[in-house]
Amino acid sequence: ISAQNLQCRLITAIGSGPFGEFARNSLKQRCVRIDHTLKKVRGEQGSCVVITGRGKRGFLTYRGASGAFDGSNFNLDFVRRGDHVHVAGFFNMESLINDLPKILKEARTRGATLSLTPQYDASEKWGGLDKIYPLLAHLILNETEAMKLASSIENAGAAEYFLRKGVENVVITRGELGASLYRFNRSKDVVDFHQKCRSVDSVDSTGAGDAFSAGFLLFWMIHRNFELALQWGCAYGTAA
(Lines give C-alpha, C1' and ligand atoms only; values in the text may rest on other atoms or scores of the structure.)
Protein backbone atom coordinates (compact mmCIF):
# COMPACT_ATOMS: atom_id res chain seq x y z
CA ILE A 1 0.00 0.00 0.00
CA SER A 2 2.84 2.40 0.82
CA ALA A 3 4.40 1.60 -2.56
CA GLN A 4 1.28 3.05 -4.22
CA ASN A 5 1.97 6.48 -2.68
CA LEU A 6 -0.69 6.10 0.00
CA GLN A 7 0.32 7.01 3.54
CA CYS A 8 0.36 3.85 5.62
CA ARG A 9 1.23 3.63 9.30
CA LEU A 10 1.80 0.38 11.17
CA ILE A 11 0.65 0.30 14.78
CA THR A 12 2.16 -2.80 16.36
CA ALA A 13 4.65 -4.01 18.93
CA ILE A 14 8.20 -4.31 17.63
CA GLY A 15 10.44 -5.82 20.27
CA SER A 16 14.15 -5.83 20.93
CA GLY A 17 16.84 -8.13 19.61
CA PRO A 18 18.02 -8.90 16.05
CA PHE A 19 14.55 -9.87 14.84
CA GLY A 20 13.19 -6.53 16.04
CA GLU A 21 15.97 -4.65 14.26
CA PHE A 22 15.29 -6.65 11.09
CA ALA A 23 11.58 -5.76 11.28
CA ARG A 24 12.28 -2.05 11.74
CA ASN A 25 14.76 -1.93 8.85
CA SER A 26 12.45 -3.87 6.53
CA LEU A 27 9.53 -1.53 7.24
CA LYS A 28 11.71 1.54 6.81
CA GLN A 29 12.93 0.30 3.42
CA ARG A 30 9.30 -0.06 2.33
CA CYS A 31 8.38 3.44 3.52
CA VAL A 32 5.99 2.15 6.19
CA ARG A 33 5.77 4.53 9.13
CA ILE A 34 5.93 3.06 12.62
CA ASP A 35 4.24 4.57 15.66
CA HIS A 36 7.20 5.71 17.79
CA THR A 37 5.26 5.36 21.06
CA LEU A 38 5.44 1.59 20.76
CA LYS A 39 8.95 1.70 22.21
CA LYS A 40 7.12 1.48 25.56
CA VAL A 41 6.39 -2.19 24.87
CA ARG A 42 9.09 -4.37 26.41
CA GLY A 43 10.25 -7.79 25.36
CA GLU A 44 11.91 -9.61 22.51
CA GLN A 45 10.54 -9.40 18.99
CA GLY A 46 7.94 -12.07 18.28
CA SER A 47 8.59 -14.59 15.54
CA CYS A 48 6.90 -17.48 13.76
CA VAL A 49 8.35 -20.66 12.28
CA VAL A 50 6.28 -21.95 9.36
CA ILE A 51 6.51 -25.63 8.45
CA THR A 52 5.16 -25.68 4.93
CA GLY A 53 5.14 -27.36 1.55
CA ARG A 54 2.53 -28.42 -0.96
CA GLY A 55 0.25 -29.90 1.70
CA LYS A 56 -0.90 -28.64 5.10
CA ARG A 57 1.07 -26.05 7.06
CA GLY A 58 2.09 -25.86 10.69
CA PHE A 59 3.01 -22.78 12.71
CA LEU A 60 5.17 -22.42 15.81
CA THR A 61 4.67 -18.91 17.19
CA TYR A 62 6.42 -16.90 19.89
CA ARG A 63 4.39 -13.69 20.35
CA GLY A 64 7.06 -11.84 22.30
CA ALA A 65 6.39 -8.10 22.68
CA SER A 66 3.20 -8.33 20.64
CA GLY A 67 1.70 -10.51 23.38
CA ALA A 68 2.06 -7.60 25.85
CA PHE A 69 0.73 -4.95 23.46
CA ASP A 70 -2.51 -3.54 24.92
CA GLY A 71 -4.65 -0.41 24.87
CA SER A 72 -2.24 1.53 27.07
CA ASN A 73 0.41 1.27 24.33
CA PHE A 74 -1.98 2.36 21.61
CA ASN A 75 -1.64 5.83 20.10
CA LEU A 76 -5.26 6.79 19.43
CA ASP A 77 -4.28 9.97 17.57
CA PHE A 78 -3.12 7.94 14.57
CA VAL A 79 -6.43 6.07 14.48
CA ARG A 80 -8.36 9.35 14.63
CA ARG A 81 -6.47 10.67 11.60
CA GLY A 82 -6.79 7.59 9.39
CA ASP A 83 -9.27 7.18 6.53
CA HIS A 84 -9.17 3.41 6.95
CA VAL A 85 -8.08 1.18 9.84
CA HIS A 86 -7.30 -2.49 9.23
CA VAL A 87 -6.89 -5.00 12.08
CA ALA A 88 -4.60 -7.84 10.99
CA GLY A 89 -4.55 -11.03 13.06
CA PHE A 90 -7.22 -10.41 15.69
CA PHE A 91 -6.62 -13.69 17.54
CA ASN A 92 -2.88 -12.98 17.81
CA MET A 93 -3.61 -9.86 19.92
CA GLU A 94 -4.37 -11.44 23.28
CA SER A 95 -3.72 -8.32 25.38
CA LEU A 96 -5.43 -5.93 22.96
CA ILE A 97 -8.66 -7.85 22.32
CA ASN A 98 -10.62 -6.28 25.19
CA ASP A 99 -9.59 -2.74 24.21
CA LEU A 100 -10.25 -3.06 20.48
CA PRO A 101 -14.04 -2.41 20.45
CA LYS A 102 -13.53 0.99 22.10
CA ILE A 103 -10.61 1.88 19.82
CA LEU A 104 -12.45 0.89 16.65
CA LYS A 105 -15.65 2.62 17.71
CA GLU A 106 -13.64 5.83 18.14
CA ALA A 107 -12.17 5.44 14.66
CA ARG A 108 -15.59 4.76 13.16
CA THR A 109 -17.06 7.81 14.93
CA ARG A 110 -14.30 9.92 13.36
CA GLY A 111 -15.32 8.74 9.88
CA ALA A 112 -12.81 5.95 9.21
CA THR A 113 -13.86 2.74 7.53
CA LEU A 114 -12.74 -0.49 9.23
CA SER A 115 -11.69 -3.96 8.18
CA LEU A 116 -10.43 -7.02 10.03
CA THR A 117 -8.78 -10.38 9.39
CA PRO A 118 -9.20 -12.77 12.35
CA GLN A 119 -6.33 -15.25 11.89
CA TYR A 120 -6.74 -18.81 13.17
CA ASP A 121 -7.62 -19.00 16.86
CA ALA A 122 -5.11 -21.46 18.34
CA SER A 123 -7.19 -21.61 21.53
CA GLU A 124 -10.20 -22.82 19.48
CA LYS A 125 -12.51 -20.49 21.46
CA TRP A 126 -13.39 -18.27 18.48
CA GLY A 127 -14.97 -15.48 20.54
CA GLY A 128 -14.64 -11.78 21.22
CA LEU A 129 -15.83 -10.35 17.90
CA ASP A 130 -19.53 -9.71 18.53
CA LYS A 131 -18.99 -6.06 19.53
CA ILE A 132 -16.72 -5.49 16.53
CA TYR A 133 -18.81 -7.02 13.72
CA PRO A 134 -21.25 -4.03 13.48
CA LEU A 135 -18.33 -1.63 13.03
CA LEU A 136 -16.74 -3.42 10.06
CA ALA A 137 -16.94 -2.40 6.42
CA HIS A 138 -15.01 -5.56 5.51
CA LEU A 139 -14.45 -8.87 7.26
CA ILE A 140 -11.75 -10.75 5.31
CA LEU A 141 -11.13 -14.39 6.22
CA ASN A 142 -10.47 -17.78 4.72
CA GLU A 143 -12.93 -20.65 4.50
CA THR A 144 -11.69 -22.44 7.62
CA GLU A 145 -11.91 -19.29 9.74
CA ALA A 146 -15.38 -18.53 8.36
CA MET A 147 -16.71 -21.99 9.21
CA LYS A 148 -15.22 -21.90 12.71
CA LEU A 149 -16.55 -18.44 13.60
CA ALA A 150 -20.01 -18.98 12.14
CA SER A 151 -20.38 -22.69 13.02
CA SER A 152 -21.39 -23.23 9.41
CA ILE A 153 -20.55 -25.92 6.88
CA GLU A 154 -20.61 -23.73 3.76
CA ASN A 155 -19.51 -20.26 2.68
CA ALA A 156 -22.89 -18.68 1.93
CA GLY A 157 -24.30 -19.65 5.30
CA ALA A 158 -21.24 -18.34 7.11
CA ALA A 159 -21.38 -15.08 5.16
CA GLU A 160 -25.04 -14.53 6.00
CA TYR A 161 -24.24 -15.11 9.68
CA PHE A 162 -21.66 -12.30 9.63
CA LEU A 163 -23.92 -9.98 7.62
CA ARG A 164 -26.71 -10.41 10.16
CA LYS A 165 -24.17 -9.60 12.88
CA GLY A 166 -23.70 -6.20 11.23
CA VAL A 167 -20.72 -6.64 8.90
CA GLU A 168 -21.19 -4.66 5.68
CA ASN A 169 -19.12 -6.86 3.35
CA VAL A 170 -17.86 -10.39 3.95
CA VAL A 171 -14.89 -11.52 1.85
CA ILE A 172 -14.02 -15.22 1.98
CA THR A 173 -10.78 -16.36 0.35
CA ARG A 174 -10.86 -19.82 -1.20
CA GLY A 175 -7.26 -20.66 -2.03
CA GLU A 176 -6.71 -21.66 -5.66
CA LEU A 177 -10.46 -21.21 -6.31
CA GLY A 178 -10.24 -17.45 -5.75
CA ALA A 179 -12.42 -15.37 -3.45
CA SER A 180 -16.06 -14.44 -2.87
CA LEU A 181 -17.68 -11.27 -1.53
CA TYR A 182 -21.12 -11.27 0.10
CA ARG A 183 -23.29 -8.29 1.06
CA PHE A 184 -26.95 -7.34 1.52
CA ASN A 185 -28.78 -5.51 -1.25
CA ARG A 186 -31.43 -2.89 -0.53
CA SER A 187 -34.04 -5.63 -0.04
CA LYS A 188 -31.81 -7.32 2.56
CA ASP A 189 -31.19 -10.28 0.26
CA VAL A 190 -27.66 -11.67 0.16
CA VAL A 191 -25.86 -10.97 -3.12
CA ASP A 192 -22.47 -12.40 -3.99
CA PHE A 193 -19.52 -11.70 -6.26
CA HIS A 194 -16.94 -14.32 -7.18
CA GLN A 195 -13.44 -14.02 -8.58
CA LYS A 196 -11.26 -16.86 -9.82
CA CYS A 197 -7.49 -16.94 -9.40
CA ARG A 198 -4.98 -17.40 -12.18
CA SER A 199 -3.66 -20.97 -12.19
CA VAL A 200 -0.03 -21.17 -11.03
CA ASP A 201 2.33 -23.84 -9.75
CA SER A 202 2.07 -23.00 -6.06
CA VAL A 203 5.08 -23.87 -3.94
CA ASP A 204 4.29 -22.11 -0.67
CA SER A 205 1.09 -20.22 0.18
CA THR A 206 2.49 -18.50 3.31
CA GLY A 207 1.53 -14.82 3.17
CA ALA A 208 -0.98 -15.20 0.36
CA GLY A 209 -3.93 -14.25 2.57
CA ASP A 210 -2.20 -11.10 3.82
CA ALA A 211 -1.23 -10.20 0.26
CA PHE A 212 -4.86 -10.66 -0.82
CA SER A 213 -6.03 -8.33 1.94
CA ALA A 214 -3.52 -5.65 0.88
CA GLY A 215 -4.55 -5.84 -2.78
CA PHE A 216 -8.27 -5.91 -2.02
CA LEU A 217 -8.15 -2.97 0.42
CA LEU A 218 -5.83 -0.90 -1.78
CA PHE A 219 -8.09 -1.05 -4.82
CA TRP A 220 -11.25 -0.71 -2.77
CA MET A 221 -9.90 2.45 -1.11
CA ILE A 222 -8.93 3.97 -4.46
CA HIS A 223 -11.85 2.88 -6.65
CA ARG A 224 -14.65 1.77 -4.28
CA ASN A 225 -15.32 -1.06 -6.75
CA PHE A 226 -15.85 -4.54 -5.26
CA GLU A 227 -15.22 -6.51 -8.43
CA LEU A 228 -11.98 -4.65 -9.15
CA ALA A 229 -10.89 -5.09 -5.52
CA LEU A 230 -11.54 -8.84 -5.73
CA GLN A 231 -9.58 -9.10 -8.97
CA TRP A 232 -6.53 -7.36 -7.56
CA GLY A 233 -6.80 -9.11 -4.21
CA CYS A 234 -6.60 -12.44 -6.02
CA ALA A 235 -3.73 -11.14 -8.17
CA TYR A 236 -1.74 -10.10 -5.10
CA GLY A 237 -2.46 -13.37 -3.32
CA THR A 238 -1.47 -15.41 -6.39
CA ALA A 239 1.76 -13.44 -6.78
CA ALA A 240 2.67 -14.17 -3.15
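This is a short walk through two helix pairs and one pocket in the structure above. Keep in mind as you go that the model is predicted.

Let's begin with helix α6, which spans residues 208-223, and helix α7, which spans residues 226-239. Their axes come within 7 Å and cross at roughly 150°. Angles over 145 degrees count as roughly antiparallel, so α6 is roughly antiparallel to α7. The crossing of α6 past α7 is right-handed. On the α6 side, the contact is made by Ala208, Ala211, Phe212, Ala214, Gly215, Phe216, Leu218, Phe219, Trp220 and His223. From α7 come Phe226, Leu228, Ala229, Leu230, Trp232, Gly233, Cys234, Tyr236 and Gly237. Sorted by class, the residues of this contact are 15 nonpolar and four polar, with no charged ones.

Now move back along the chain to helix α4 (residues 143-150) and helix α5 (residues 155-164). Here the axes come within 9 Å, with a crossing angle of roughly 60°. How are α4 and α5 oriented to each other? They are oblique, because their angle of roughly 60° falls in none of the parallel, antiparallel or perpendicular ranges. This crossing is left-handed. Glu143, Ala146, Met147, Leu149 and Ala150 of α4 meet Asn155, Ala158, Tyr161 and Phe162 of α5. Seven of the residues in the contact of α4 with α5 are nonpolar, one is polar and one is charged.

Our last stop is the second largest pocket, with a volume of about 180 Å³. Which residues line the second largest pocket? You will find Arg63, Phe91, Glu94, Ile97, Asp121, Ala122, Ser123, Lys125 and Gly127 there. By class, that lining has four charged, three nonpolar and two polar residues.

Technical notes:
Residues are numbered from 1 along each chain as its sequence is written. This is a predicted model: local features need pLDDT of at least 70, side-chain atom pairs count only at pLDDT 80 or more; totals for chains, interfaces and linings use all residues. Side-chain values use heavy atoms; hydrogens and water are left out. On a 1 Å grid over the protein atoms alone, a cavity is a set of points where a 1.4 Å probe fits but cannot get out, and a pocket is an open set with protein on both sides within 12 Å along at least five of seven lines; lining residues have an atom within 4 Å of a point. Grid points are joined across faces, edges and corners, and a volume is the space filled by probe spheres set on the points. Ala, Val, Leu, Ile, Met, Phe, Trp, Tyr, Cys and Pro count as nonpolar, Asp, Glu, Lys and Arg as charged, and the others, Gly among them, as polar. Axes are lines fitted to C-alpha atoms, for helices over the stretch in contact, and angles run from 0 to 180 degrees between N-to-C directions. Helices (H or I, at least four residues) and strands (E, at least two) are DSSP runs, numbered from the N terminus. Angles under 35 degrees count as roughly parallel, over 145 as roughly antiparallel, 65 to 115 as roughly perpendicular and the rest as oblique. A crossing is left-handed if the near helix is turned anticlockwise from the far one by less than a right angle, and right-handed if clockwise. Contact means heavy atoms within 4.5 Å.
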